[in-house]
Amino acid sequence: MSYDPRFEDYQRLGLRFARTVNDLDAFSTARAYAGFGRRYAQNRDALPQSDADRAFHLVAEATVLIDYELPFAPDEAVDRLVHDAEEKLEEAIELDSSCHDARRMLAAARSQGFEGYYRFLTDGSERVRRDCERWRREATSELPTGEQATLAGELAMRPYLRWLSTQATKALVCGRYRKAVELSEQLLELDPNDTSDARFTCAYAYAKLEDAAGIESVAKRARTIGGAREDAWLLLARLALAYKRRDFDDARKHIATLIDTYPHAALALSRQDELVDGVFSRLACAPFSEDELILAVSEGAVLLQEGRYTEERGPLGGWIASQEDVVAGARADAAYDAARSGGAR
């Protein structure tokens, strides 16, 4: 599911706006709410807001630049986008020194390697938790209705959820697999709907630990969140475990399921592209889309590139790319893409 910073910005200002109309009569309240969306779209700055709200808006703007424009930008635009995004994050911290999303995102850009960033996240986690819990208490006490109070409490805790989620993914990359599981379980306890997609990180951590029972526990929880179909993270975790057992028939079944489940899956499994991680949170993709599989394969580098192999792939990655279904499907996908792009011209 991931987090949408622009929608979260809208929700934050919506709650701020609600505080100004709660004392009006029913007709006036309805009319005020009817105009909120138009005012937000046309002149957001005219709406009531705090420095914290303004800081988060800058975070949302920086997220668009880093997570959704930078990966597709031409080389000559990269430095400008990075500079503009960092300026927005610095301004956000000047407005609100407790803007933990901005602090975390700036640290991601400036830390020396994964280990340094992981230590930053670990050292700062307790402060973020205390701040968010205090904001939740304050926010829920200020709003009279149950629905508004619930949303206010959720929004107050999100910087901590994103902090924990990032910490869990970096723990996985840094080889702290049990810590990755522990942090993912904390996230799932705090947010059973798993907006952070902690179950994905957890599945890969259990695969690294060769813990089949752990993967089954993730699968059980995933069914309550996303339905019966298993996502790419679970399928790749199961595939990795089967490969480590040398159960190649079972591993091929998981490849076949991936190809049946995701569009152009063979090409994604053949290429095994690595994407830059989302800085605000895990990149948002439509469930069971080609983009989701590409993201899962990219994050699955911890499994696919484990060990030594030729052609810059690990043993598992090389084995997957060599499978007949993957090779044939990748050729067909590539030929289709070439024909389609040629027809467009």
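**Briefing: an all-helix predicted model**

Setting aside neighbours within four places in sequence, Ser184 contacts Ala168, Ala198, Thr201 and Cys202. Ser184 lies in helix α8, which covers residues 177-190. The structure is a predicted model, and the protein has 17 helices and 0 strands.

**Overall dimensions and surface**

- The protein has 345 residues and a radius of gyration of 22 Å, which agrees with the value near 20 Å expected for a compact globule of that length.
- The C-alpha trace extends about 65 × 50 × 40 Å along its principal axes.
- About 17400 Å² of the protein is exposed, and carbon and sulfur atoms supply 50% of that area.
- Buried residues make up 49% of the 345 in the protein.
- If only contacts between residues at least 6 apart in sequence are taken, 68% of them link residues at least 24 apart.

**Ser184 in helix α8**

- Ser184 has a relative accessibility of 0% and therefore counts as buried, the cut-off being under 20%.
- One of its contacts outside the local stretch of sequence is Ala168, a position that falls within the residue range of helix α7, 146-173.
- The other contacts listed for Ser184 are Ala198, Thr201 and Cys202.

**Leu236 in helix α11**

- Leu236 belongs to helix α11, which runs over residues 232-244.
- The relative accessible area of Leu236 is 4%, so this residue is buried as well.
- Not counting residues up to four places away in sequence, Leu236 touches Tyr204, Leu258, Leu269, Ala296, Val297 and Leu303.
- Asp333 is 97 residues from Leu236 along the chain, and the C-alpha atoms of the two are separated by 21 Å.

**Packing of helices α6 and α7**

- Two packed helices are described by the angle between their axes and the distance between the axes.
- Helix α6 spans residues 113-142 and helix α7 spans residues 146-173; the two pack at an angle of about 170°, and their axes are 9 Å apart.
- Because angles over 145 degrees count as roughly antiparallel, α6 is roughly antiparallel to α7.
- The contact of α6 with α7 comprises 19 nonpolar, 7 polar and 4 charged residues.

Note on methods. Residues are numbered from 1 along each chain as its sequence is written. This is a predicted model: local features need pLDDT of at least 70, side-chain atom pairs count only at pLDDT 80 or more; totals for chains, interfaces and linings use all residues. Side-chain values use heavy atoms; hydrogens and water are left out. Axes are lines fitted to C-alpha atoms, for helices over the stretch in contact, and angles run from 0 to 180 degrees between N-to-C directions. Helices (H or I, at least four residues) and strands (E, at least two) are DSSP runs, numbered from the N terminus. Angles under 35 degrees count as roughly parallel, over 145 as roughly antiparallel, 65 to 115 as roughly perpendicular and the rest as oblique. Ala, Val, Leu, Ile, Met, Phe, Trp, Tyr, Cys and Pro count as nonpolar, Asp, Glu, Lys and Arg as charged, and the others, Gly among them, as polar. The radius of gyration is taken over C-alpha atoms; the globule rule is 2.2 Å times the number of residues to the power 0.38. Buried means under 20% relative accessible area, exposed over 50%, partly exposed in between (1.4 Å probe, protein chains only). Contact means heavy atoms within 4.5 Å. Accessible areas come from the Shrake-Rupley method with a 1.4 Å probe; for residues, only the protein chains shown count as cover.
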